[in-house]
Amino acid sequence: MLHLRRGRLAALAWAVALAAGAAHAGGGAASVYVEELTSPELAARIAAGTTTVLVPIGGTEQSGPHMALGKHNVRARVLAGRIAERLGDAVVAPVIAYVPEGAIAPPQGHMRFAGTISIPEAAFETVLEATARSFCAHGIRDVFFLGDHGGYQAGEQKAATHLARAAGAGPACRAHALGAYYEATQDGYVADLKRRGHGDAEIGLHAGLADTSLSLAIDPSLVRQDQLAAGARAGVAGGVRGDPTRATAALGQLGVARIVDASVAAIRAARQTKSPEHPSKQP
């Protein structure tokens with residue numbers, strides 16, 4: 001009898017293990033993130049019609065005393081994932097965390113603060129081009145660059161344009177600089193904040209109310225909320241342009257909605273554009 005019970009327990013344990021393994025496998029296969037998929041899983045997705053890849057571009061830079069250096073990387077990955085899920089036929093590439101941030105020697109701009117990493121613009125554009133070509137070689141037909149930072153928007157466009165003109169790029173695989181992703185934080189989101197009584201000086205351009213609220217909405221651990229007042233006092237000399245004191249996740253959700261909605265609409269429109277001469281042009 002004891003032997004029988006042990007046998008049943010062993011069988012139950014084995015069944016639980018199999019179920020757990022199947023659940024893990026199913027979770028991986030369901031992910032929109034390329035780095036969480038196996039090569040056969042991604043190949044199967046592409047063969048089934050998932051021929052759009054989103055390339056989230058972040059950056060590693062200072063954001064005052066109250067925000068983590070990797071805020072752009074976290075935000076770009078999460079937002080790209082939400083956009084891909086809304087589209088239903090897209091996957092997300094690993095985040096590009098090394099971007100142009102200005103001169104290193106002598107240090108200028110964000111490079112004046114510890115932790116900021118900067119690479120040459122030419123190197124950045126080469127990375128984007130090689131990334132797009134890699135995915136195109138595997139059957140992807142549309143590659144979208146999603147930049148979370150304003151400083152390299154022109155570089156995204158240059159990379160997309162160069163790919164369009166390069167021999168062998170052709171209309172079969174197109175690269176797009178998705179300006180709508182970043183522009184949503186500069187117009188619609190700002191307008192939403194103003195309607196709620198926040199002015200330009202408070203909203204800010206970097207590490208202010210808008211920037212900090214967006215980070216809180218994506219991942220609260222990015223923000224040191226006990227340092228918000230210190231961020232406001234830091235000012236431009238301390239790497240802050242704006243006042244983060246009244247930042248909240250609820251305000252940041254306004255920006256999240258704007259970014260996702262605008263990006264999904266722009267991607268759908270761009271994929272319907274058939275002109276091979278200007279594949280990166282946004283409608």
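Reader: Among contacts between residues at least 6 apart in sequence, what share join residues at least 24 apart?
Author: In this protein, which is a predicted model, 75% of the contacts between residues at least 6 apart in sequence join residues at least 24 apart.

Reader: And what is the secondary structure made of?
Author: The secondary structure of the protein comes to eleven helices and four strands, and 47% of its 283 residues count as buried.

Reader: Okay, which residues touch the most other members of the largest nonpolar core?
Author: That core has 44 residues, and the ones that touch the most other members are Leu-54, Ile-83, Leu-146, Tyr-181 and Leu-193. Several elements each supply at least two residues of this core, among them helix H3 (71-87), strand S2 (90-92), strand S3 (142-147) and helix H11 (249-272). H11 gives the most to the core, with nine residues.

Reader: Can we zoom in on Leu-146; what is it in contact with?
Author: Leaving aside neighbours within four places in sequence, Leu-146 is in contact with a run of residues that includes Leu-54, Val-55, Pro-56 and Ile-57, and also with Ala-80, Ile-83, Glu-156, Leu-178 and Tyr-181. Apart from the largest core, there is a second, separate core of 24 residues, which includes Ala-93, Val-99, Leu-163 and Ala-175.

Reader: Switching to Val-92, where does it lie, and is it buried or exposed?
Author: Val-92 lies in strand S2, and it counts as buried because its relative accessible area is 0%, where the cut-off for buried is under 20%.

Reader: What does Val-92 touch, then?
Author: Not counting residues up to four places away in sequence, Val-92 touches Val-32, Tyr-33, Val-34, Val-53, Leu-54, Pro-56, Ala-80, Gly-81 and Ala-84. Val-92 and Val-32 are 60 residues apart in sequence, and their C-alpha atoms are 5.9 Å apart in space.

Reader: How about Thr-131, which helix is that in?
Author: Thr-131 lies in helix H4, which covers residues 121-137. A polar atom of the Thr-131 side chain lies 2.7 Å from the backbone oxygen of Val-127.

Reader: Which residues does Thr-131 touch if we don't count those up to four places away in sequence?
Author: On that count Thr-131 touches Val-55 and Ile-96. Thr-131 and Val-55 are 76 residues apart in sequence and 8.4 Å apart in space, taken from C-alpha to C-alpha.

Reader: New topic: what volume does the largest pocket have, and which residues are closest to its centre?
Author: The largest pocket has a volume of about 430 Å³. It is lined by 24 residues, and the closest to its centre are Tyr-182, Thr-185, Gln-186, Leu-205 and Asp-211.

Reader: Where does the largest share of that lining come from?
Author: The largest share of the lining, four residues, comes from H6, while H3, H6, H7, helix H8 (200-203) and H9 each supply at least two residues. By class, the lining of the largest pocket has nine nonpolar, nine polar and six charged residues.

Reader: Since H7 came up, which of its residues are buried, and what do they pack against?
Author: The buried residues of H7 are Gly-188, Tyr-189, Val-190, Asp-192 and Leu-193, and these buried residues pack against H6, H8, H9 and H11. Leu-193 was also named earlier, as one of the residues that touch the most other members of the largest nonpolar core.

Reader: Last one, what phi does Gly-197 take just after H7?
Author: Gly-197, just after H7, takes a positive phi of about 95°.

Technical notes
Residues numbered from 1 in each chain as written. Predicted model: local features only at pLDDT ≥ 70, side-chain atom pairs only at ≥ 80, totals over all residues. Heavy atoms only, no water. Core = buried A, V, L, I, M, F, W, Y, C linked by side-chain atoms within 4.5 Å. Buried < 20%, exposed > 50% of the residue type's maximum accessible area, 1.4 Å probe, protein only. Contact = heavy atoms within 4.5 Å. 1 Å grid on protein atoms, 1.4 Å probe; cavity = no way out; pocket = protein on both sides within 12 Å on 5 of 7 lines; lining within 4 Å. Points joined across faces, edges and corners; volume = space filled by probe spheres on them. Nonpolar A, V, L, I, M, F, W, Y, C, P; charged D, E, K, R; others polar. Polar contact = N/O pair within 3.5 Å; in protein donor to acceptor, adjacent residues only side chain to side chain.
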